[in-house]
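User: I would like to go through this protein at the residue level. Please keep the answers short.

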Amino acid sequence: EWSYDLLSEREQILFDRLSVFAGPFDLDAVGAVGSRGNASGEDVLDLFTGLIDASMVSRERLGDASARFRLLDTMRSFARSRLNRRGEGPQTARDHAGYHLGLVDELSWLAFTPAQQAAVERLGAINGDVVVALSWALDCDPSMITESTVAGLAHYWFRRGDPKASYAFGRRLLALDPPSPDFLAGAHVVFGFGAQLTGEPHATIESMNIAIPILEQGDDWRLLVFAYNGQGAGGVMAGISGLCAAMGQRILEICDAKDLGLPRAYGLALLGQEAFFHTGDLDEAKGRFEAAAPLFRAIGDESGLSMFCLGPLACVYAEMGDFEAAERVTAEASSFGGPGWSATPLIAFAGWVLIPRGELDRAEEVTLAALERVHERSMEAWTRPALLMLARIAAERGDWEEAARLFGACRLHLPPC
């Protein structure tokens, strides 16, 4: 409090407002909450520099030479009490929400471009504040959540690999009185992705059945491609033959009509999944996946590359007896950062390559590593296949009691609360 008293009044006001951040923040974020009542952004920067010089704000140096800042917990608590005493808490929370939801909006227009990965990483670094901002808007002013916000959330949570958040917030978005059909469609896409990966593929199909006709009448081709892809993947998980191919073909038709190159990856991957999982045409599946892979890489979409392409491609290679190629694509996918998605090819590699080879110890090690990754994100859809692989390993070892226990654990679990 002694250091606080040495600050100028305007520095104190800025310091108090910084207490709204749940985690690290950058200079743009400081400007978003600090500019109200100040003459210019330069004024805010000067005030913020004074806070740094007074050691009231901690600086975090990042590997790319950029910087983020944070308040220590004790200082945040002190500043929050002062902010509320000033009566500025609600307005500062609104400024905070507007800034972070704006970043989510931007992602909706960057989807399926090479710029999307940097946008996802930026949001991921401040995920705690994104969640705080969204929760505040849902509780206090849902009108701040636009069609672009909802679309951005769908792209963000998929590429972050966070179906649990998508499921929970998707339900909250669907509980709102939708301001437009596009908003309703986006809310169903958000919920549908979460339901798909937390073990409710039929709920995904139902939500996409509502969303797709609305999106087909609108202008957001990016969210429509996302919805087609989710519907097709849901068809694979639900065992519905033909749905995956139909959705993949629709994606390719959009790309042809709009002269889009990179998003073709998703259509090609769906056609590859149809060929592998339903028709059994390994040559077609191999060709589709190999054509999709460089497009996924060009976009920088590691989640799509791993889940929709490299995972099933590893299975195709194994079925064709090319175990070296299967191991190569599995190694690539397992090197991706972030939890969840890289587990897909690991599970495939264990089931289609290592177990048939009799490398049971290695298969168990790989599967357990995959299980740990999917558990971090509550990915029920991949938890069950991992348990199935462990059951097969136990059966191969002749441990029938353990195999029965694991086979029982593979049953569909209850949806998340």
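User: How many disulfides does a search of the whole structure find?

Analyst: This is a predicted model, where local features need pLDDT of at least 70, side-chain atom pairs count only at pLDDT 80 or more, and totals for chains, interfaces and linings use all residues. Residues are numbered from 1 along each chain as its sequence is written, and side-chain values use heavy atoms, with hydrogens and water left out. A disulfide is a pair of cysteine sulfur atoms within 2.5 Å. The number found in the whole structure is zero.

User: Which cysteine sulfur is nearest to that of Cys244?

Analyst: Cys244 takes part in no disulfide. The nearest cysteine sulfur is 13 Å away and belongs to Cys309.

User: Is Cys255 buried or exposed?

Analyst: Cys255 is in no disulfide either, with the sulfur of Cys309, the nearest, 15 Å away. Buried means under 20% relative accessible area, exposed over 50%, and partly exposed in between (1.4 Å probe, protein chains only). Because its relative accessibility is 2%, Cys255 counts as buried.

User: What span should helix H18 have, at 1.5 Å a residue?

Analyst: Helices are DSSP runs (H or I, at least four residues), numbered from the N terminus. The expected span is 1.5 Å times one less than the number of residues. H18 covers residues 323-334, which is 12 residues, and its end C-alpha atoms are 16 Å apart. That agrees with the expected span of 16 Å.

User: Why do the buried residues of H18 line one face of the helix?

Analyst: The buried residues are Ala325, Ala326, Val329, Thr330 and Ala333. Seen down the axis, they fall within an arc of 135°, so they line one face. The arc is taken over the directions from the helix axis to the C-beta atoms. An α-helix has 3.6 residues a turn, so residues three or four places apart point the same way.

User: Which exposed residues sit on the face of H18 turned away from its buried side?

Analyst: The buried residues of H18 pack against helix H17 (302-319) and helix H19 (343-357). The face turned away from that buried side carries Glu324 and Arg328.

User: Which element has the lowest mean pLDDT?

Analyst: pLDDT is the predictor's confidence in each residue, from 0 to 100. The protein averages 89, and 93% of the residues score at least 70. Helix H8 (residues 127-140) has the highest mean among the elements, 97. The lowest, 80, belongs to H19.

Key: Helix = DSSP H or I, 4+ residues; strand = E, 2+ residues; numbered from the N terminus. Contact = heavy atoms within 4.5 Å.
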